[in-house]
Amino acid sequence: MVNLSADLIRDLAVRRPGTPVLSLYARTDPRDPANTAAVPGWLVEVRNGLREVSRQAEQEPRDRRLALRQLRDQAEQDILDLDPAGRGRGQAWFLTPDRALDLRLSLQLPPASTLVRWDDLPYVSPLVDVADRGRPAGLVLVSTEAVRLLHWQDGMVTEPQRSLYEIEPGEWRDYDAYVGHPGRAPARMHVAEFDQRLEEWRQRFLRTAARSVAADLEQRGWDQMVLAGEPPVAAAFRDQLPDPLARKVIAVVEANLLREETTVVADRLGAALDRARIGAGKALLEQAIDHALAGGAAAIGWPEVMDSLVQQRVRHLLLDPAADPDPAQLDPNTQAALGWPARPMLAERAVEQAVASGAEVTTLPADTPELAHAGGAAALLRY
């Protein structure tokens with residue numbers, strides 16, 4: 001199996017195999033209720049998708065039909081042979097009849113749906129969606145006893161070295177089955193006096209920890225961060241961060257996760273990351289709409305966005321990758337530059353053009369109101 005990366009996605013987007021490509025995405029996430037049946041839902045959908053592309057290929061030349069039949073049978077058997085660990089929460093496969101392209105990815109963030117495509121090019125938009133949802137982020141777990149830093153990427157949380165800053169030693173160390181020990185009032189100390197001293201002690205810790213974490217965060221280079229902790233503690237910690245770092249905090253989650261396993265942290269904070277991502281995407285959509293209506297460097301609506309993509313003017317594309325716009329609304333020259341795509345492929349061609357030209361892509365749900373206001377797609381332009 002190969003790891004997902006921006007370079008890999010770009011290689012796929014610019015690849016011209018010369019033979020058709022079978023692209024297969026399977027949402028194998030065991031948390032999906034449909035996947036708990038004796039025959040899991042993802043397998044039923046894979047089989048249905050393979051049958052559908054075979055039906056669509058009935059009008060193709062005989063050699064392409066035979067090639068698809070061979071690949072279809074092999075792909076179904078190969079995916080059946082995967083054990084649960086190998087399936088992950090999603091699969092993405094790209095296969096050509098000559099096996100010049102035989103790429104298989106196990107995903108920890110499931111694709112939006114299970115689907116199969118048979119096309120002259122690799123079908124990359126679901127993979128771009130997974131990569132967008134899995135953008136790297138720092139997770140800062142805060143308590144009044146310690147601060148723990150974790151790294152999120154592609155649905156997985158990893159524990160860096162020197163990830164824990166403890167209140168007692170006042171220094172960084174590796175997280176190793178950390179168990180906090182709440183303070184106890186010393187003998188003969190009045191409870192109220194102890195509580196006051198404990199609060200002063202904790203506030204000093206948060207100030208000291210924020211300074212230490214700030215220096216460490218600068219070195220880690222995270223562009224976005226999520227804080228998790230009790231609200232007063234997380235808020236106090238954020239207030240102590242330097243402004244450039246505080247602006248990178250995209251969400252604050254009320255959750256005490258300091259001692260949890262990384263898998264638990266991933267499940268608890270993944271939704272917060274996605275909400276923050278969608279919120280940022282909506283803000284960019286509003287910016288694109290305002291700039292486009294004012295005649296600025298932005299485009300809204302499929303005709304204008306696709307024309308800008310063909311000219312490689314787009315620096316940030318915003319769309320629902322599962323959209324189904326009609327290519328007939330485009331200028332004939334734009335359609336020709338895109339290879340006269342069929343209706344189900346226009347959004348895919350948009351993503352391919354964006355990735356190939358080095359533009360950023362933000363994917364958004366189909367029911368995003370701002371996306372409807374933008375005519376289904378929007379772009380911030382380079383010029």
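This passage describes a four-stranded open sheet with a helix lying across it, and then the surroundings of Val157. The model is predicted, so that local features require pLDDT of at least 70 and side-chain atom pairs count only at pLDDT 80 or more, whereas totals for chains, interfaces and linings use all residues. Residues are numbered from 1 along each chain as its sequence is written, and side-chain values use heavy atoms, with hydrogens and water left out.

Four strands, in the order β12-β15-β13-β14, form an open sheet with mixed pairing, where strands are DSSP runs of E with at least two residues and helices are runs of H or I with at least four, both numbered from the N terminus, and where two strands pair if DSSP finds at least two bridges between them. The edge positions are taken by β12 (298–300) and β14 (360–363), each of which pairs on one side only. From one strand to the next, the twist averages 15°. Four bridges join β13 (residues 314–319) to β14 in the parallel sense, and Leu318 stands opposite Thr362 of β14.

Helix α10 (residues 302–310) lies across β12, β13 and β15 (377–381), and runs at about 145° to β13; axes are lines fitted to C-alpha atoms, for helices over the stretch in contact, and angles run from 0 to 180 degrees between N-to-C directions.

Val157 belongs to strand β7 (residues 156–158) and is buried, with a relative accessible area of 9%, buried meaning under 20% with a 1.4 Å probe and protein chains only. Residues up to four places away in sequence aside, Val157 touches Leu139, Leu150, His151, Trp152, Thr262 and Ala266, contact meaning heavy atoms within 4.5 Å.

Terms used: Buried < 20%, exposed > 50% of the residue type's maximum accessible area, 1.4 Å probe, protein only.
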